[in-house]
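Student: I have a model open and would like to reason through its labels with you. Could we take them one at a time?
Tutor: Happily; let us set each value against its definition.

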Amino acid sequence: MKVKITMAVGLICLSLISLYAQQQVIANGNVFSTDLEVVEAQISNETISLAIHEIDKRDPKFQTDNCTNCPDGKSLILDVDFKRGFKFPIEETDSVYLRVSNLQEGLAEYEFNSNELSQYENARDKAEEVKLKNNAEAIKEKGALIAKQLQEGKISPQEAEKQLMALMEPQLSALDNSTTMKNIDNIDEYKERSVYSIYFYNDKTLTDTNTFSGYLYIKRFNETEFVAEYRGDVIEECVEKRAASSQEEEQKCKSKNSQYLPDGKVLNEGSGTILIKVNIKTFLNNR
């Protein structure tokens, strides 16, 4: 009997070791505990969200500023937005690579729209705009007189409508054929791409790290498992609590001029690697 109990305990221990060995999260050299309290995944027709937390901070004690029994922990949040949807589950043979980060896309869209606006401003015919504006003011005044005559009963509703149309048609035609309208029609809309974002937070160092460029490769994803890797350039910044702790820390947190963020000052930038292999504890399918 004692031998059977010992063997049973041994099998349970081997099973637990095997389970934990399957789990691995490493973010820029920071190794997560294998005993993850939160591993939650959500999907819709176009999106994937994955939340990994060493410590479940939904406990009310973590919502206080002076918690004395709140252990440090690491967190990782991954989001993907597919513009044309995606197949689920994802297998390694599907070769799901994303090469544009959400931060990178935001900067690219801003630059694109700024260029479009600049071209519009350079092509403006300001004399024409003034003329259209003056005509609009004149139409407004004449329209007020027509409305007054209608209110006083001097003209019928049908006559008022006829006069207003006769008043507005030349202006509408001039607007449709104006340089201003042609320039507006020539403004292109930014074509959005599929993007990813990975956010890594470390309680111990009071820093957060965002992915800027590189690729995310989702090797495998189903209702029970998520396996992916990221390699690229990352941006590390201090959280407000650390930056506000002292003048020395504030200066350290802004010690480097960012090569990625316009006019940005950060704690650190450089190449990064994130490896994720986890068993999903909570899965929500919104497809």
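Tutor: A definition to begin with: two strands pair if DSSP finds at least two bridges between them. Please keep in mind that this is a predicted model.

Student: What makes strand E5 and strand E7 a pair?
Tutor: Strand E5 (residues 74-81) and strand E7 (residues 195-202) are joined by eight bridges in the antiparallel sense. The requirement is at least two bridges, so the two strands pair. One of the partnerships is that of Asp 79 with Ser 197 in E7.

Student: How do you know that E7 also pairs with E8?
Tutor: By the bridges again: E7 and strand E8 (residues 207-221) run antiparallel and share four of them. Tyr 201 stands opposite Asp 208 in E8. These two strands make a hairpin with four residues between them, and Leu 206 in the turn has a positive phi of about 55°.

Student: Why is E7 called mostly covered?
Tutor: Buried means under 20% relative accessible area, and six of the eight residues of E7 are buried. For the chain of 287 residues, 32% count as buried.

Student: Which strands pair with E1?
Tutor: Strand E1 (residues 24-27) has four bridges to strand E12 (residues 268-279), in the antiparallel sense. There, Ala 27 has Ile 274 as its bridge partner. E1 is also joined to strand E2 (residues 30-31) by two bridges, and these strands run antiparallel too. Because at least two bridges are needed, the two between E1 and E2 satisfy the definition. In that pairing, Ile 26 is matched with Val 31. The hairpin of E1 and E2 has two residues between the strands, and Asn 28 takes a positive phi near 50°.

Student: What makes one face of E1 covered and the other uncovered?
Tutor: Look at which residues make up each face: Val 25 and Ala 27 form the covered face, while Gln 24 and Ile 26 form the uncovered one.

Student: How do you know that Cys 238 and Cys 253 form a disulfide?
Tutor: The cut-off for the two sulfur atoms is 2.5 Å. In this pair the sulfur atoms are 2.0 Å apart, so the pair is a disulfide. A search of the whole structure finds one disulfide.

Student: Why is the disulfide called left-handed?
Tutor: The torsion about the S-S bond of Cys 238 and Cys 253 is about -90°, so the disulfide is left-handed. The pair links distant parts of the chain: Cys 238 belongs to strand E9 (residues 225-238) and Cys 253 to helix H7 (residues 247-253), 15 residues apart. Cys 238 and Cys 253 are both buried.

Student: Why is Leu 172 counted as partly exposed?
Tutor: The relative accessibility of Leu 172 is 46%. Partly exposed lies between the 20% limit for buried and the 50% limit for exposed, so Leu 172 belongs in that class. Leu 172 lies in helix H4 (residues 157-176).

Student: What makes the nonpolar surface patch that includes Leu 172?
Tutor: Leu 164, Met 168 and Leu 172 make the patch, which is about 240 Å². To be eligible, a residue needs over 30% relative accessible area; the 46% of Leu 172 therefore satisfies that part of the definition.

Student: Which residues does His 53 touch, leaving out those up to four places away in sequence?
Tutor: His 53, in strand E4 (residues 47-53), touches Leu 36, Glu 37, Val 38, Lys 74, Ser 75 and Ile 77.

Methods:
Residues are numbered from 1 along each chain as its sequence is written. This is a predicted model: local features need pLDDT of at least 70, side-chain atom pairs count only at pLDDT 80 or more; totals for chains, interfaces and linings use all residues. Side-chain values use heavy atoms; hydrogens and water are left out. Buried means under 20% relative accessible area, exposed over 50%, partly exposed in between (1.4 Å probe, protein chains only). Contact means heavy atoms within 4.5 Å. Patches are made of residues with over 30% relative accessible area and no salt bridge: like charges are joined within 9 Å, nonpolar side chains (Val, Leu, Ile, Met, Phe, Trp, Tyr) within 5 Å. Accessible areas come from the Shrake-Rupley method with a 1.4 Å probe; for residues, only the protein chains shown count as cover. A salt bridge is a side-chain nitrogen of Lys or Arg within 4 Å of a carboxyl oxygen of Asp or Glu.
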